[in-house]
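Here is a short guided tour to read with the model open beside you. Take a moment to look it over before we start.

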Amino acid sequence: MHRGWHGGAGRGRGPGRGGWQQADLPDAADATAWLQGRLPDGWFTGTPEVTVDREEIVIVGELPPVEGAFDDTEAGRTDRAAAVAGRITRFRESTREERIEIARQAEHRYGRKVAWGARIGEALELFTVASVPVMTRLRQPERIVLDTLVDSGVARSRSDALAWAVRLVGQHADEWLGELRDAMAKVDELRAKGPTGDGSDQ
């Protein structure tokens with residue numbers, strides 16, 4: 001789903017796949033395919049972007065563009081932005097009940113919460129995505145970085161500064177993160193092919 005630092009767009013696979021981190025979760029590698037079959041025809045103009053991590057599945061679909069001509073002026077751009085916002089709001093409200101049912105089924109299948117979003121061109125709106133606390137311990141040099149961001153007004157708090165830093169890294173390291181996830185998937189495949197240790201390979 002969301003592109004950029006979330007990664008895994010359209011692949012139904014997110015960070016932390018495999019290993020001890022997700023040993024207690026159902027495999028969500030087929031989430032994109034399952035949703036492609038489950039979603040009603042006509043909701044989106046193509047296959048939705050699906051991003052998966054340990055807590056959440058985020059589904060973002062492209063809606064048809066708004067019709068009508070908008071002048072390339074400040075007023076025209078404002079009108080177009082308003083039309084796009086209205087189209088996304090209409091989709092959100094008209095599909096609410098069915099999205100709730102699909103989310104319930106997906107949560108049962110994959111053991112994760114489901115959130116939705118819609119996009120028209122560059123405009124993206126996410127609906128009730130999860131905000132998950134992540135605890136960590138930082139030494140003084142790392143704390144000074146966060147405090148600098150807070151003192152300069154870039155962030156409101158240390159936690160906000162940490163989230164800002166993670167987003168920044170993700171935006172500038174998307175290709176590397178994608179390669180890392182691909183490598184992790186290959187490790188999972190090799191682990192699955194290896195001996196089980198129960199004597200069944202003899």
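Which residue in E4 is the bridge partner of Ala118? It is Glu125. Please keep in mind throughout that this is a predicted model.

## The sheet

Let's begin with the strands. Four of them make up an open sheet with mixed pairing, in the order E1-E2-E3-E4. Strand E1 (49–52) and strand E4 (123–127) are the edge strands, each pairing on one side only. On average, neighbouring strands of this sheet are turned by 20° against each other, direction ignored.

Strand E3 (residues 113–120) pairs with E4 in the antiparallel sense, over five bridges. Helix H3 (residues 96–110) packs on the sheet, where H3 touches strand E2 (56–62), E3 and E4. The direction of H3 makes about 130° with that of E3.

## Aromatic pairs

Now for the rings: the structure holds five aromatic pairs. One of them joins Trp34 and Tyr110, edge-to-face, at 6.1 Å centre to centre and with 85° between the planes. Trp34 belongs to helix H1 (residues 31–38) and Tyr110 to helix H3, so this pair ties together parts that lie 76 residues apart in sequence. Tyr110 is buried, its relative accessible area being 2%.

Trp43 and Trp116 are worth a look too. Their ring centres are 6.0 Å apart and their planes stand at 75°, so this pair is edge-to-face. Because Trp43 sits in the loop between H1 and E1 while Trp116 sits in strand E3, the pair ties together parts 73 residues apart in sequence. Trp43 counts as buried at 11% relative accessibility, and Trp116 is buried with a relative accessible area of 4%. Ring pairs also link Trp43, Phe44, Phe91 and Trp116 into a cluster.

## Helix H2 and its two sides

Phe91 from that cluster takes us to H2, where Phe91 is one of the buried residues. Helix H2 (residues 74–94) has 21 residues, which at 1.5 Å a residue should span 30 Å; the end C-alpha atoms are 30 Å apart, in agreement.

How are the buried residues of H2 arranged when seen down its axis? Gly76, Val84, Arg87, Ile88 and Phe91 are the residues in question. They fall within an arc of 110°, so they line one face of the helix. These buried residues pack against H3, E3 and E4. On the other side of H2, Glu74, Arg90 and Glu93 are exposed.

Key:
Residues numbered from 1 in each chain as written. Predicted model: local features only at pLDDT ≥ 70, side-chain atom pairs only at ≥ 80, totals over all residues. Heavy atoms only, no water. Pairing = 2+ DSSP bridges. Helix = DSSP H or I, 4+ residues; strand = E, 2+ residues; numbered from the N terminus. Axes fitted to C-alpha atoms, helices over the stretch in contact; angles between N-to-C directions. Contact = heavy atoms within 4.5 Å. Phe/Tyr/Trp six-rings, centres within 6.5 Å; stacked < 30°, edge-to-face > 60°. Buried < 20%, exposed > 50% of the residue type's maximum accessible area, 1.4 Å probe, protein only. Expected span 1.5 Å × (residues − 1). Arc of directions from axis to C-beta.
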